[in-house]
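Trainee: I'd love a close look at a single part of this model. Please pick one helix and walk me through its surroundings, step by step.

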Amino acid sequence: MSDSDLRTHAEEIHEQFSDQLDLDVEDVQERLDTLVNEYKVPMSEARRSVVNTYLDEAGMDRDQLGGGSGGNEQVQVSDVDSPEEWVDMRVTVVDLWDPRADAVAQVGLLGDETGTIKFTKWSKSDLQDLEEGKSYSLRNVVTDEYQGRFSVKLNRTTTIEELDEEIEVGDDSVEVEGALVDIQSGSGLIKRCPEEDCTRVLQNGRCSEHGEVEGEFDLRIKGVLDDGEEVTEVIFDEEATEELTGITLAEAKEMAMDALDTTVVADEMREDILGRYYRVTGPTFGRYVLADDQERLTGPVDADEVLIKARSI
Ligand SMILES: [Zn+2]
């Protein structure tokens, strides 16, 4: 048996005892090596023997081991915040990528209501293939971390059960509340570059990439929400802008034509929404929150301020 095979088995055993014993993977590998290569013991026997040794050492029963015991914590994707934890998850396969190494059978993205996380399934694990779009209960997966990003590994002790229900996948949305304290330039009725895959906002009829072009009208608001402690930049697309201001793209174009000036649209919008309070939810993009959903609030969002107001009435 090759060293890399032994290493994989040694790492799996090491992971099984990661909570209980401070094992050295090298030691585990050496023990396996002796049994398999010197004494010609079958790998499964060798594993059982080595595991038994460590069970004794830890004063544990076999059913306390991560390994089909069903004793793991059921976690959600956003709960994964440390490596080498044995956990159970209910997830949907969001995406499958091409494995770059022979040791990997499948690699991709799993998701639940709280977000998405990368997964790796080892070739040696001999597990069924996961299918994109299907939901599964996964028991006994191990968490891992690389450069601050977490993932889960499916190994030979993992069990996979397809679910009848569909686990919905969330998109890491955030929720911000605050007063709309600024509407930035490039808001209101804008023109975008019509070149394929460009969509840059034109400045004085020019695209920074394609020069002078016949732009296409669009509605957008780049706003700043202030909750009293920090400010968040929010982008409202055409649909969100229409919902926010009640002004449609057609109406905006009409307003601009009547005034022979597109800036009247942003002015009108500013009058209606500036200084008002909003709750906005949506995914983040760089420093921006992209508004998926917004709600006008009746007053300040700071609970203390609301209290003070209530007392003074
Ligand atoms: Zn362009």
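Mentor: Happy to! One definition before we start: helices here are DSSP runs of H or I with at least four residues, strands are runs of E with at least two, and both are numbered from the N terminus. Keep in mind, too, that this is a predicted model.

Let's take helix α5, residues 249–259. Its buried residues are Leu-249, Ala-252 and Ala-256. Viewed down the axis of α5, these fall within an arc of 60°, so they line one face of the helix. A general point helps here: an α-helix has 3.6 residues a turn, so residues three or four places apart point the same way. On the other side of α5 you will find Ala-250, Glu-254, Met-257 and Asp-258, which are exposed. Just after the helix, Leu-260 takes a positive phi of about 55°.

What do the buried residues of α5 pack against? Their partners are β8, β11 (216–226), α4 (238–245) and α6 (263–273).

Helix α5 also belongs to a wider picture, as one of the elements that give two or more residues to the largest nonpolar core. The others are β7 (174–183), β11, β12 (231–236), α4, α6 and β13 (277–282). That core has 22 residues, of which Val-234, Phe-236 and Val-280 touch the most other members. Leaving aside residues up to four places away in sequence, the contacts of Val-234 include Val-176, Ile-221, Leu-225 and Val-280. A second, separate core of 18 residues includes Val-93, Leu-130, Leu-138 and Leu-154.

Among the strands that contribute to the largest core, β7 has two pairings to look at. With β13, β7 pairs in the antiparallel sense over six bridges, and Val-174 stands opposite Gly-282 in β13. With β11, one of the elements α5 packs against, β7 pairs antiparallel over four bridges; here Ala-179 stands opposite Asp-226.

Finally, follow β8, another packing partner of α5, towards the zinc site. Cys-193 lies in the loop between β8 (188–192) and β9 (206–207), while His-210 lies in the loop between β9 and β10 (211–212), 17 residues apart. Together with Cys-198 and Cys-207, these residues coordinate the zinc ion at 2.1 to 2.3 Å, the cysteines through SG and the histidine through ND1. The donor atoms subtend angles of 106 to 117°, which makes the arrangement tetrahedral. Cys-193 counts as buried because its relative accessibility is 2%, whereas His-210, at 35%, counts as partly exposed.

Methods. Residues are numbered from 1 along each chain as its sequence is written. This is a predicted model: local features need pLDDT of at least 70, side-chain atom pairs count only at pLDDT 80 or more; totals for chains, interfaces and linings use all residues. Side-chain values use heavy atoms; hydrogens and water are left out. Donors are N, O and S atoms within 2.8 Å of the metal (3.2 Å for Na, K and Ca); water is not among the atoms, so sites may look incomplete. Four donors count as tetrahedral if all angles lie between 85 and 135 degrees; four count as square planar and six as octahedral if opposite donors are over 155 degrees apart and all others between 65 and 115; anything else is irregular. Buried means under 20% relative accessible area, exposed over 50%, partly exposed in between (1.4 Å probe, protein chains only). The arc is that of the directions from the helix axis to the C-beta atoms. Contact means heavy atoms within 4.5 Å. A nonpolar core is a set of buried Ala, Val, Leu, Ile, Met, Phe, Trp, Tyr and Cys residues joined through side-chain atoms within 4.5 Å. Two strands pair if DSSP finds at least two bridges between them.
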